[in-house]
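Me: I've just opened this one and don't know my way around yet. Please take me through it one question at a time.

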Amino acid sequence: MAIGTTKKPTVDGLNENHNRLNMHYISNAYGYTVYYSVGATAKKFNASTLASETPYATFNKTAYVSTAAAVTAVNHHAQETGLPVIDLGSGVQGTIDRGAGQAYLTWQAGRWSVTVHASPVMGQDPVAMSKQLVALFNQYSLPIPSQVGAGNFDVTDNGLNQTITWQEGAILYKISARSAETAIKMASSMSR
């Protein structure tokens, strides 16, 4: 009720039904951010002590001055030609760009681009995670953006670095989570 009847995730994205789910939000003239955390105890929505809890996910809605500005704010990656092609299963083909100790595997799904980052110098490879994501996307449908959407994921679960961003007109929605599966489940709940 605090953020109105606007679109928002209807699931917490966690694998278990937590009875200690806590949420608080901050807002400004352009939108708001909701922070989701699991605390030692359940607290009232927007309780002042929630700001000190570490969130497992955030949901952000931002209004831009135009559709073009919202589209530009989406970190959408076009699939490049001339790069090695990787079969990710389910008929999905991605391209991999490796260099300078980094690897980016990207594929397109309708209006969406999906990119998985890994650091080969740290022994990471984006292929296994990309195949897991394809399987998750077969199970959970993402919202349909007006023009573009982007899933940007990292092999390292370090902070809120698993993101799903899309625009609907001049509105930008973004879910950031510690887990790619959590981000996907939360975004999928907004497609219904």
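Me: Leaving out residues up to four places away in sequence, which residues does Asn60 touch?

Reply: Start with its place: Asn60 is in strand β3. Strands (E, at least two residues) and helices (H or I, at least four) are DSSP runs, numbered from the N terminus. Touching here means contact, with heavy atoms within 4.5 Å. With sequence neighbours up to four places away set aside, Asn60 touches Tyr32, Thr33, Leu172, Tyr173 and Lys174.

Me: Before we go on, what kind of model is this?

Reply: Residues are numbered from 1 along each chain as its sequence is written, and side-chain values use heavy atoms, without hydrogens or water. Local features need pLDDT of at least 70, side-chain atom pairs count only at pLDDT 80 or more, and totals for chains, interfaces and linings use all residues, since what you see is a predicted model.

Me: Back to Asn60: how far is its side chain from that of Thr62 in their polar contact?

Reply: A polar contact is a pair of N or O atoms within 3.5 Å; within protein, one must be able to donate a hydrogen and the other to accept it, and residues adjacent in sequence count only if both atoms are side-chain atoms. The Asn60 side chain also reaches the backbone oxygen of Tyr32, at 3.2 Å. For the side chains of Asn60 and Thr62, the distance is 2.8 Å.

Me: Which residue does Asn60 stand opposite in β10?

Reply: Two strands pair if DSSP finds at least two bridges between them. Strand β3 (residues 57-63) pairs with β10 in the antiparallel sense, over 7 bridges. Across from Asn60 in β10 you'll find Lys174.

Me: And what is the bridge partner of Thr163 in β10?

Reply: β10 has another antiparallel pairing, with strand β9 (residues 162-168), over 7 bridges. Those two form a hairpin with 2 residues between the strands, where Gly169 takes a positive phi near 65°. For Thr163, the bridge partner in β10 is Ser176.

Me: How many of the 7 residues of β10 are buried?

Reply: Buried means under 20% relative accessible area, exposed means over 50%, and partly exposed is in between (1.4 Å probe, protein chains only). Strand β10 runs over residues 171-177 and is mostly covered. The number of its residues that are buried is 5.

Me: What about β8: how many of its 6 residues are buried?

Reply: In a regular strand the side chains alternate between the two faces of the sheet. In β8, Gly149, Gly151 and Phe153 are buried on one side, and Ala150, Asn152 and Asp154 are buried on the other. Strand β8 (residues 149-154) is mostly covered, and its buried count is 6.

Me: Which way does the β-α-β unit of β7, α2 and β8 turn, left-handed or right-handed?

Reply: Strand β7 (residues 112-118) and β8 pair in the parallel sense over 6 bridges, with His117 bridged to Asp154 in β8. A crossover is right-handed if, with the strands pointing away from the viewer, the path from the first strand over the helix to the second runs clockwise. The unit made by β7, α2 and β8 is left-handed.

Me: Which helix gives the most to the largest nonpolar core?

Reply: A nonpolar core is a set of buried Ala, Val, Leu, Ile, Met, Phe, Trp, Tyr and Cys residues joined through side-chain atoms within 4.5 Å. The largest one has 36 residues, and Trp107, Leu133, Phe153 and Ile164 touch the most other members. With 6 residues (the helix itself covers 126-139), the biggest contribution comes from α2.

Me: What is the relative accessible area of Ala100?

Reply: Ala100 lies in the loop between β5 (92-99) and β6 (102-109). Its phi is near 55°, a positive value in a residue other than glycine. Ala100 counts as exposed because its relative accessible area is 81%.

Me: Stepping back, what is the radius of gyration of the protein chain?

Reply: The chain has 3 helices and 10 strands. Taken over C-alpha atoms, the radius of gyration can be set against the globule rule, 2.2 Å times the number of residues to the power 0.38. That rule gives 16 Å for 192 residues, and the chain's value is close to it, so the chain is as compact as a globular protein of that length, with a radius of gyration of 17 Å.
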